[in-house]
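Visitor: Could you walk me through this one? I'd like to see how a strand and its neighbours fit together.

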Amino acid sequence: MKREPVLTKRVFIKAHDKIEKAITKKLHTPLGAQLLTIKLRDALLEREAKHLYAINKGSRIAFAKSAHKTLKRLIDKKAKKAAYHFVTLAPAKFAVPISKASAMDVAHIIGWAKQYLGKCHFIACVEAAIYSNLAQAGLAREITVSWHIHAIIWGT
């Protein structure tokens, strides 16, 4: 799938709409019957992970809109000269077998991030990434879910 650079909100939403439609088309028959199998799901997740598209379109778009609004307000009012950095924090202790992923306490991950980032200002989201390839390679007993944080940070 050809990708154009994501430089505007319109392009960001369009890219996520396009991948969601492609996935939905592959997962349902023309009459709406579901075709999803474990093998197909794993293949789709692995393919999209390689291209850095998220399957959870709604939360990515909601986060982008919220981040834009918040950062614009901050930058316009008091932080025009600050250096901003986009970081991903993915500590190994938050990578768990898929059978335990739903029990992960997101508040614990947020608390860890606040402690790790210290006095930096940040806006962030917590996200789960699925790694089926670790089990296939014999590095894990089952599919692994890596809970991680994407953040924009500034200040000290």
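Visitor: Which residue in S4 stands opposite Val-87?

Guide: This is a predicted model, so take the pairing as computed. Strand S1 covers residues 85–89, and five bridges join S1 to S4, with the two running antiparallel. In that pairing, the residue of S4 across from Val-87 is Ala-151.

Visitor: How many bridges join S3 to S4?

Guide: S2 (residues 95–97) also pairs with S4, antiparallel and over three bridges, with Ala-95 opposite Ser-146. S3 spans residues 121–131 and runs antiparallel to S4 too. Val-126 sits across from Ile-149 there. The bridge count between S3 and S4 is 11.

Visitor: How many of the residues in S4 are buried?

Guide: Take one face of the strand: His-148, His-150 and Trp-154 are among the buried residues there. Flip to the other face, and Val-145, Trp-147 and Ile-153 are among those buried. Both sides are covered, and for residues 144–154 the tally is 11 of 11.

Visitor: Which element gives the largest share of the largest nonpolar core?

Guide: That core has 14 residues, and Phe-94, Met-104, Ile-109, Trp-147 and Ile-149 touch the most other members. Helix H5 (106–117) and S4 each give two or more residues to this core. The largest share, five residues, comes from S4.

Visitor: And the second core, how many residues does it have?

Guide: Leu-71, Ile-123, Ile-152 and Trp-154 are among its members. This core is separate from the other one, and its size is five residues.

Key
Residues numbered from 1 in each chain as written. Predicted model: local features only at pLDDT ≥ 70, side-chain atom pairs only at ≥ 80, totals over all residues. Heavy atoms only, no water. Buried < 20%, exposed > 50% of the residue type's maximum accessible area, 1.4 Å probe, protein only. Helix = DSSP H or I, 4+ residues; strand = E, 2+ residues; numbered from the N terminus. Pairing = 2+ DSSP bridges. Core = buried A, V, L, I, M, F, W, Y, C linked by side-chain atoms within 4.5 Å.
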